[in-house]
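Thank you all for coming; I would like to walk through one structure with you, element by element. Please have the sequence and the view open while I talk.

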Amino acid sequence: MTLLWTVFSPTLVLAEDRGTSLGDFSSQLASQLNLGVDQAAAMDPATGQALFRYQDDDLHGIASLTKLLSLYVVYDAIKAGQLDFDTKIPVSEGVAELSRLPNLSNVPLDASTDYYTAGDLIDATLIYSANSAIVALAQYVAGDEATFVEKMGDKLESLGITDYKLYTASGLDGKYQTTHGDQYTSQDENQMRGIDLLRMTQHLLEDYPDILKRSAVPVKDFQVNPETTFRMVNFNEFLPGLAHGREDVLGLKTGTEDLAGACILIVSRINDRPVLLLTLGASDNEARYRETNKLLNGLQDNLAWTLLHQEGEVFASRDHVDVYQGRQDQVDLLYQDNSAAFLPQGIDWAQEKVESYSDNWRYTPQGTLQVKAPLDPSQAVNQVTIRLPFLEDVEGQDMALTNAIVPSEEVEGLSPIVRVTRRMSQLIESLVDQVEDWLDTQSAKAN
């Protein structure tokens with residue numbers, strides 16, 4: 001199936017008269033793919049650039065993708081010294097009972113006080129989406145699950161995410177909360193906006209890349225007790241070697257609930273750059289992989305990491321740059337860094353870009369650029385800002401690429417004495433020219 005989608009994934013034809021905004025690109029690609037999910041989104045986590053957005057502005061059930069947020073809180077507690085990966089986590093009778101309920105993703109746990117380590121339970125949470133494992137961690141970190149859920153909300157708020165509904169640490173519906181479950185029904189599922197879930201994951205992986213590494217383990221044995229092991233096969237079937245394996249998928253997490261449907265959030269690649277991709281609300285497990293496959297292939301076929309300006313590229317050649325009060329009269333101006341972004345393939349970005357500068361350029365009377373010495377290749381003489389219709393961040397705001405303009409070499413400034421001498425020489429030359437012009441005029445009149 002992966003091979004078929006790789007071969008036959010369509011190339012998007014952008015309508016030239018509609019431009020190349022992210023909204024146009026996303027809607028056209030979703031329509032052409034006939035995308036069968038409730039929400040979808042993709043982003044470049046390194047830059048924060050949104051690459052695709054489909055109906056992701058409304059709250060939607062997130063099922064066990066919740067566990068990524070829960071683990072964010074756990075890893076924060078580890079960073080704060082509250083526990084470490086070798087800390088023994090107690091498992092209550094209630095959590096042990098939860099771990100053996102049918103039709104729930106779990107590893108079986110025995111009630112204990114000092115058998116399972118935090119690292120064991122984190123692996124069970126990421127690989128096998130073990131609800132009981134994350135609840136045990138939640139109880140250890142916060143005392144009870146309800147208090148832990150409050151911490152989850154606090155974490156979202158700290159990231160600027162304010163639109164959400166949270167009931168459990170696991171992503172199960174609210175009636176499974178181990179503190180106040182009797183207050184909720186099966187309709188009370190954790191919800192977030194798809195784009196906010198990507199934003200949260202971006203911060204999570206930046207702060208704790210260990211989570212991606214652990215999520216990429218395809219198979220691992222969990223020691224239930226000294227006599228019993230439980231084989232965990234990762235629910236993320238996109239991992240290489242599993243049912244829907246792709247070599248370009250690096251990890252992350254699936255989730256499934258009645259209201260949420262089948263969901264998945266993965267780290268993959270476009271042009272060898274890691275990207276985050278999310279789909280929510282597929283109809284079943286097979287649809288989860290089929291639709292996400294279509295979208296991933298469609299993005300890989302239609303987006304390219306595009307270098308707009310290269311480090312060291314000439315911004316203006318020395319023939320067009322005058323050095324004022326310098327020991328040399330001319331210098332090249334260069335782009336200091338690369339300016340690059342994901343753009344739809346085939347667009348004429350040079351025609352669509354708008355450039356502005358942090359400072360007004362100075363010009364000579366002859367119309368050439370003028371920069372004032374002294375000049376240092378590490379010091380910018382100006383900064384260019386590049387805007388394109390396609391560039392948006394995950395909050396829906398226009399993005400801009402910035403780049404410093406620097407001289408190609410060091411140019412020393414003239415000393416005050418030399419400047420005065422040169423100025424006097426220029427004045428004298430000007431006076432001589434004026435006198436010669438006057439004499440020529442008088443001679444012409446005499447003749």
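How many residues lie between β10 and β11 in the hairpin that they form? Before I answer, let me say that what you see is a predicted model, and that everything I quote is computed from it.

The hairpin of β10 and β11 has 3 residues between its two strands. The strands, β10 at residues 251-257 and β11 at residues 261-270, run antiparallel and are joined by 7 bridges. To pick out one of the pairs, G255 has C263 in β11 as its bridge partner. As for its surroundings, β10 is mostly covered, with 6 of its 7 residues buried.

That strand also takes us to the largest pocket, whose volume is about 390 Å³. The lining of this pocket is made up of 22 residues, and those that lie nearest its centre are N103, L104, S105, T256 and E257. Which element gives the most to that lining? The answer is β10, which contributes 5 residues, while β10 and the helix α10, residues 285-302, each supply at least two. For those of you thinking about the chemistry of the lining, by class there are 6 nonpolar, 9 polar and 7 charged residues.

Let me now step back along the chain to the loop between β9 and β10, where V249 is found. Is V249 buried or exposed? With a relative accessible area of 3%, V249 is buried, since the cut-off for that word is under 20%. If we leave aside the neighbours within four places in sequence, V249 is in contact with N236, F238, L239, P240, I266, V267, S268 and L296. The C-alpha atoms of V249 and P274, which are 25 residues apart along the chain, are separated by 9.2 Å.

A second valine, V233, is found in strand β9 itself, and V233 is partly exposed, with a relative accessible area of 39%. Its contacts, again leaving aside neighbours within four places in sequence, are I127, Y128, P218, V219 and L242. The C-alpha atoms of V233 and K220 are separated by 6.7 Å, although the two residues are 13 apart along the chain.

Next comes the helix α2, residues 22-33, where a simple check of geometry is possible: at 1.5 Å a residue, its 12 residues should span 16 Å, and its end C-alpha atoms are indeed 16 Å apart, which agrees. The buried residues of α2 are L22, D24, F25, S26, Q28, L29, A30 and L33, and what covers them includes α10, along with the strands β2, β13 and β17. Just after α2, N34 takes a positive phi of about 55°.

I will finish with an open sheet, in which 3 strands are arranged in the order β15-β20-β19 with mixed pairing. Why is one side of β15 and of β19 left without a neighbour in the sheet? Both strands, β15 at 321-324 and β19 at 362-363, stand at the edges and each has a single partner strand, so one side of each has no neighbour there. β19 pairs with β20, residues 369-372, in the antiparallel sense over 2 bridges, and in one of the pairs R362 has Q370 in β20 as its bridge partner.

Terms used: Residues are numbered from 1 along each chain as its sequence is written. This is a predicted model: local features need pLDDT of at least 70, side-chain atom pairs count only at pLDDT 80 or more; totals for chains, interfaces and linings use all residues. Side-chain values use heavy atoms; hydrogens and water are left out. Two strands pair if DSSP finds at least two bridges between them. Helices (H or I, at least four residues) and strands (E, at least two) are DSSP runs, numbered from the N terminus. On a 1 Å grid over the protein atoms alone, a cavity is a set of points where a 1.4 Å probe fits but cannot get out, and a pocket is an open set with protein on both sides within 12 Å along at least five of seven lines; lining residues have an atom within 4 Å of a point. Grid points are joined across faces, edges and corners, and a volume is the space filled by probe spheres set on the points. Ala, Val, Leu, Ile, Met, Phe, Trp, Tyr, Cys and Pro count as nonpolar, Asp, Glu, Lys and Arg as charged, and the others, Gly among them, as polar. Buried means under 20% relative accessible area, exposed over 50%, partly exposed in between (1.4 Å probe, protein chains only). The expected span of a helix is 1.5 Å times one less than its number of residues. Contact means heavy atoms within 4.5 Å.
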